[in-house]
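Work through the following exercises with the sequence and the coordinates open beside you. Each one sets a task and then gives a solution in steps.

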Amino acid sequence: MNEFVESRLHFKRKVMVVDDEEINRKILEKILSPEYEVILAENGDEAMALVRENKDTLSIILLDLLMPGTDGFSVLGMIQGDVELKHIPVIVLTSETTAEVQSLKMGAADFIPKPYNVPEVILARIGKTIQLYESIDIVSATQYDELTGLYNKDYFMEYASVIDQYYPDTGMDAIVLDINRFHVLNELYGRAFGDRLLKMIGNSVRGYIMDKKGIACRYNADGFLVYMPHTESPEKLFLAITDHISGELNDARMRIRMGIYPEADKKLDLHKRFDRALFACNSVKGDYSRQIACYDTEMHEQEAYNERLAGDMEKALGERQFIVYYQPKFNIQGDEPYLSSAEALIRWKHPELGMISPGKFIPIFEENGMIRRLDRFVWREAARQVAEWKDKYGIAVPVSVNVSRVDLMKPGFVDEITGILKDCGIGPKEYMLEVTESAYTEDSDRIISIVNELRTLGFTIEMDDFGTGYSSLNMLSSLPIDVLKLDMRFVRDIHENEKDLRMVELIVDIAKYLNLKVVAEGVEKKEQYALLKDAGVHIIQGFYFSRPVPDGEFEKFIEERKGKRV
Amino acid sequence: MITVEKLKELGCNTEEGLGRCFGDESFYLSLVPGAFEKERYENLDRLIKEGNMGDAFEEAHAMKGVLANLSITPLFDVVSEITELLRAKAETDYSPLIEKMWEVYTPFGEML
């Protein structure tokens, strides 16, 4: 047997005897000392001092009730009223029936009558009580979240179902609280900061629900669930939290969101009810004007629509309802722009719902994990298309595909992507990978090492959505990338906003210094195009040249380029 | 000198008292003198005579507990009777009972 386990099984538990009569203390010490480590106290004050000193190691207290000064009832009251001590069981020593009843009502675990029973009976009674309380301690330890002291999710769900069972007619609100980009906060300010924040939120939640007969738990590291009787003013919970943590929130990017499913339908499974609260919570993600949302009819319809899309995906893949569109990218460095490459973008032509925007279905598939199958479909289809055009026109039009951090982190990703290219007969120079800036924020060393491997193999790496993440200049110089792809929000107002233009010029200068090319996407107007060209941007993508188009329609751009003999 | 035989002769349930001490005679006998400390009986006598019935009850109750655990039956019986009257705050003449207490105490006190 493991030495540690064995020592734990055979260690002597600590018992405290509190009695003002020395003879009584000595008799109990005689009875207990073969099995327990015994500590003695001859009055209430000494007892309390020793209890506090031994609070983590004391297994039980045997307490005389009638003592001069601080008596046993007072000691029992102090122990029961102290959250740090009340887990220690107390057995009272008494000869009075009325005192037995009173002390049991006050929280005593048991009593030992005076004069004492035979030693075996006393030992058995103490042993049973210790065993019972230790079992309770183990159960308690598994029902609470260690960091916040709230329940853990399993216990919370169990407790919520018991509440439903006993109070079937009480309207209950299911509430989800979530912290935006919590992992980024952890990265920026350290884990200790994140933990402190979670504890503070946990404390405010507990403080708020305590007198409202609600329960709460932490889930998924940075989220909280609350189940409480319906209230017309749920925002009070939100305000209680934000008031409490406002001092910590110097970072404007740090936001808390709250989703409420009010008077949740009890016919629904509990998890489903909290899914609805989460749905409401997610509806304000990225919306900087709102932080609280209630699940309503509109959301219900939206949810039903989402569920339908999730359910239809498998069939859609089989029936080739997904189509890859290509948006051309034009090199604008010379006198005349010319087609340099394309970005592969997914579209869904649903037989009943018509053309569905990727903005509607991609978040759903990201959530249910099916996005990887869709990504793979796009990678393969794009590679096949590059090969087909190369064969048909004799020129290679490199196509870029999106790769998420989850894809990069998946073991075997590099083999998978090189395998696809090999199957289609094209090389890495004809195939580019777009990785978002935010992909580098967590486990950046690992991501960098994988991207380095891809570059060594000859892939071109574009940093997508540049300017939306948190890259520092220092970090930028160490990232393995070839192209910076400016987020479209830089481009949108460039012809009207001097500051945006200066920002783009600055980024282009930095890119030149780091020997990177710059792509601007979302270019729609001639003025934008002209300014970006003057600023030194290399490549343009956007409606100014073309929206994303099906492969057949894209071929006209290839033919044009062929005609220009670039 | 106090012995188990003498205690038994005086009416103590020594078998029971020893039982609480795992039959350890010398341990039991080391505790017994504490139950015969004259000062405590004198203290109880004084408190009752002074009419301090609250303190008298606490003292009597404490003595009763010790006598019970050591099974000093004759002294336990009389102290127990006093304790219950004091608990009930009985307005009675305690002197016959105090006299009886000293009477029972004498042979035990002489052993010290």
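**Exercise 1. Find what share of the contacts in chain A with a separation of 6 or more comes from residues 24 or more positions apart, and set the result beside the make-up of the two chains.**

Solution. In this predicted model, residues 24 or more positions apart account for 67% of the contacts in chain A with a separation of 6 or more. As for secondary structure, chain A contains 22 helices and 19 strands, and 48% of its 566 residues count as buried. Turning to chain B, the corresponding contacts, between residues at least 6 apart in sequence, join residues at least 24 apart in 59% of cases. Chain B has seven helices and zero strands, which along the sequence gives the pattern α-α-α-α-α-α-α, and 46% of its 112 residues count as buried.

**Exercise 2. Describe how helix 9 of chain A packs against helix 10 of chain A, and name the residues that make the contact.**

Solution. A general point comes first: two packed helices are described by the angle between their axes and the distance between the axes. Here the axes of helix 9 (residues 191-209) and helix 10 (residues 235-245) of chain A come within 9 Å and cross at roughly 140°. Because of that angle, helix 9 of chain A is oblique to helix 10 of chain A. The crossing of these two helices is right-handed. Helix 9 of chain A contributes L197(A), M200(A), I201(A), N203(A), S204(A), V205(A) and Y208(A) to the contact, while helix 10 of chain A contributes K236(A), L237(A), A240(A), I241(A), H244(A) and I245(A). Sorted by class, the residues of this contact are nine nonpolar, three polar and one charged.

**Exercise 3. Carry out the corresponding analysis for helix 6 and helix 7 of chain B.**

Solution. Helix 6 (residues 73-87) and helix 7 (residues 95-110) of chain B pack with their axes 9 Å apart and at an angle of about 155°. The cut-off needed at this step is that angles over 145 degrees count as roughly antiparallel, and therefore helix 6 of chain B is roughly antiparallel to helix 7 of chain B. Their crossing is left-handed. On the side of helix 6 of chain B, the contact is made by P74(B), L75(B), V78(B), E81(B), I82(B) and L85(B), and on the side of helix 7 of chain B by L97(B), I98(B), K100(B), M101(B), V104(B), Y105(B) and F108(B). This contact has 11 nonpolar, no polar and two charged residues.

**Exercise 4. Locate the largest nonpolar core and state which helix gives the most residues to it.**

Solution. The largest nonpolar core has 83 residues, and those with the most contacts inside it are F322(A), F365(A), Y431(A), Y440(A), L454(A) and F554(A). Helix 14 (residues 371-393) of chain A gives the most to this core, with 11 residues. Another core, of 55 residues, lies apart from it and includes I27(A) and I91(A) as well as Y28(B) and Y41(B). To follow one residue of the largest core, take Y431(A), whose contacts beyond four places in sequence include W379(A), R380(A), I417(A), L421(A) and F459(A).

**Exercise 5. Decide whether D407(A) and L479(A) are buried or exposed, and trace their contacts.**

Solution. D407(A) lies in helix 15 (residues 405-409) of chain A, and because its relative accessibility is 4%, D407(A) counts as buried. Leaving out residues up to four places away in sequence, D407(A) touches R372(A), D375(A), W379(A) and F413(A). The C-alpha atoms of D407(A) and I371(A) are separated by 9.8 Å, although the two residues are 36 residues apart along the chain. L479(A), in the loop between helix 18 (473-478) and strand 17 (483-486) of chain A, is buried too, with a relative accessible area of 7%. With the same sequence neighbours left out, L479(A) touches Y440(A), I448(A) and M463(A).

**Exercise 6. Identify the backbone features at P115(A) and N220(A).**

Solution. Most residues other than glycine have a negative phi, and most peptide bonds are trans. A cis peptide bond, with omega about -5°, joins K114(A) and P115(A), and P115(A) is in the loop between strand 5 (110-113) and helix 6 (119-143) of chain A. N220(A) has a positive phi near 45°; N220(A) sits in the loop between strand 7 (215-219) and strand 8 (223-229) of chain A and is exposed, with a relative accessible area of 61%.

How values were computed. Residues numbered from 1 in each chain as written. Chains lettered and ligands numbered in written order. Predicted model: local features only at pLDDT ≥ 70, side-chain atom pairs only at ≥ 80, totals over all residues. Heavy atoms only, no water. Axes fitted to C-alpha atoms, helices over the stretch in contact; angles between N-to-C directions. Helix = DSSP H or I, 4+ residues; strand = E, 2+ residues; numbered from the N terminus. Parallel < 35°, antiparallel > 145°, perpendicular 65-115°, else oblique. Left-handed = near helix turned anticlockwise from the far one by under 90°. Contact = heavy atoms within 4.5 Å. Nonpolar A, V, L, I, M, F, W, Y, C, P; charged D, E, K, R; others polar. Buried < 20%, exposed > 50% of the residue type's maximum accessible area, 1.4 Å probe, protein only. Core = buried A, V, L, I, M, F, W, Y, C linked by side-chain atoms within 4.5 Å.
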